[in-house]
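Here are my notes on the model, set out as numbered points. Please read them with the coordinates open.

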Amino acid sequence: MSQEVRSLEPKALWNNFADLNSVPRPSKKEERVIAFIKKFGEDLGLPTVVDHVGNVIIKKPASPGNENKTTIVLQSHLDMVCQKNNDTDFDFDTQGIDMYVEDGWVKAKGTTLGADNGLGVASIMTLLASTDINHPPLEALFTIDEETGMTGAQGLQGGMLDAKIMLNLDTEDDDELTIGCAGGVDVTVTGRYTFINVGDGFVGYEVAVKGLSGGHSGMDIHKGKGNANKLMNRILWGAPEDLELKVAEINGGGLRNAIPRESVAQVAVKSDKVEALKTYVNAVSEELLNEFKTTDPDLVVELNETSTPERAMARSDQKNLLNAIYACPLGIYRMSPDMEDLVQTSNNIARVIVSDGGYTVMCLTRGSVDSEKMDLANSIKSTFSMIGAKVEFSGAYPGWEPKPQSDIVDLMANLYREMFDK
């Protein structure tokens, strides 16, 4: 590890970060870093506890003269995202991060750095070890498994902490304060459909929606970007009856938290209706290019001849599924009445798969008000239940409802003005 990192100012912070990064800490494999933080607290002579799921809690009394001040929880997570370049030989289970400094930035050689949330952890360690910083009573909460399930935060039991105010030190911008956050729930729709033989007199075509801007389904959901799954569904749903369009396969989207950029469908159409299909697709393409020219200027709708599929969805099943996807809510469900320009509840139709007699639709529903988030999820469930689909909720985590008028927000806002003069 480069000595340059340990020489950075403030040295106490960067040395704690370097010590932490020498300890392997993949999500769900935090045994070493739990032991490291536990020993850190015990070596300081501070009350230190490891709870039943592996969260570490260290409590530090107030500095002299601050005993009557409000107790504060400082929270960060111990695990890190473990990714490396293909040509990097590295084992996250056994090796510490190899850091260096370049052009004023701390970097890692061929791997993720672990600053998420290592710098938060190092900041808390620095406060716990300090002897010259005035502070109220502190409760340091180091949670596990934030990156792959938040099982540490969700497993924390009541009664472990005394404070009513928490500062979460997991952020990417040093000039922003976050006072609320959306929770989420995965909504997964599955079902079976009846096959029919495509038969003679039909030809195969591939319909592709490509070139969309995509983005994060939380950070970018308000920007009105095109969703490839919705646009593909619009094309298939709107095909004129006389084309007798038969859907054989659909493959659209990817990760739940990503606005889908591409979707591809395999279809069959009557051979004497090919020109009509081309005319229809060109017309829809022009509509979409006009609607999304600002948010998705590189949008492309392609229609290419391919081998004719042998089987496709039965007409009634095809109609039901396309209707349900068309009706499924997408994007903003409700804006916050308390915070200007804040999306309170939203949904992303992230993945649509139709293949081999089965279909899957995956959504990520977000909301900072839990009751409203589940109201939207239930709306989606009701939509697909009407066509006999199975709808399951999983991976739910709670929202953090903003309270703009709270005392801690006023205090932090005043500190912000003092620091940034705005």
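1. The model is predicted. I begin with a charge placed on an aromatic ring: R311 lies over the face of F195, at 3.6 Å from the ring centre. K381 is likewise positioned over the face of F393, with 5.6 Å to the ring centre.

2. Five aromatic pairs are counted. In one of them, the ring centres of W237 and Y326 are 4.5 Å apart and the planes meet at 55 degrees; the pair is classed as tilted because an angle over 60 degrees would be needed for edge-to-face and one under 30 for stacked. This pair links distant parts of the chain, with W237 in helix α6 (residues 228–237) and Y326 in helix α8 (residues 315–327), 89 residues apart. W237 is partly exposed, at a relative accessible area of 44%, and Y326 is partly exposed too, at 36%.

3. Another tilted pair is formed by Y416 and F420, whose ring centres are 4.7 Å apart and whose planes are at 40 degrees. Both residues belong to helix α10 (residues 407–420); they are four residues apart, so about one helical turn separates them. F420 has 30% relative accessibility and therefore counts as partly exposed.

4. Helix α8 has 13 residues, and its end C-alpha atoms are 18 Å apart, in agreement with the 18 Å expected at 1.5 Å a residue. Its buried residues include Q318, L321, L322, A324 and I325. These cover an arc of only 160 degrees around the axis, so they lie on the same side of α8.

5. What do the buried residues of α8 pack against? Their partners are helices α6 and α9 (370–385), together with the strands β11 (246–253), β14 (311–313), β16 (343–355) and β17 (358–367).

6. The largest nonpolar core contains 49 residues, and L236 and F384 have the most contacts inside it. Helix α7 (residues 274–291) supplies the largest share of this core, six residues. In soluble globular proteins, nonpolar side chains tend to be buried together.

7. Which residues does L236 touch, once neighbours within four places in sequence are set aside? The contacts of L236 are L245, V247, I250, A265, V267 and L322. Of these, L322 is one of the buried residues of α8.

8. There is also a second, separate core, of 20 residues. Among its members are L78, I124, A140 and I144.

Key: Residues numbered from 1 in each chain as written. Predicted model: local features only at pLDDT ≥ 70, side-chain atom pairs only at ≥ 80, totals over all residues. Heavy atoms only, no water. Core = buried A, V, L, I, M, F, W, Y, C linked by side-chain atoms within 4.5 Å. Buried < 20%, exposed > 50% of the residue type's maximum accessible area, 1.4 Å probe, protein only. Helix = DSSP H or I, 4+ residues; strand = E, 2+ residues; numbered from the N terminus. Contact = heavy atoms within 4.5 Å. Phe/Tyr/Trp six-rings, centres within 6.5 Å; stacked < 30°, edge-to-face > 60°. Lys NZ or Arg CZ within 6 Å of the ring centre and 35° of its normal. Expected span 1.5 Å × (residues − 1). Arc of directions from axis to C-beta.
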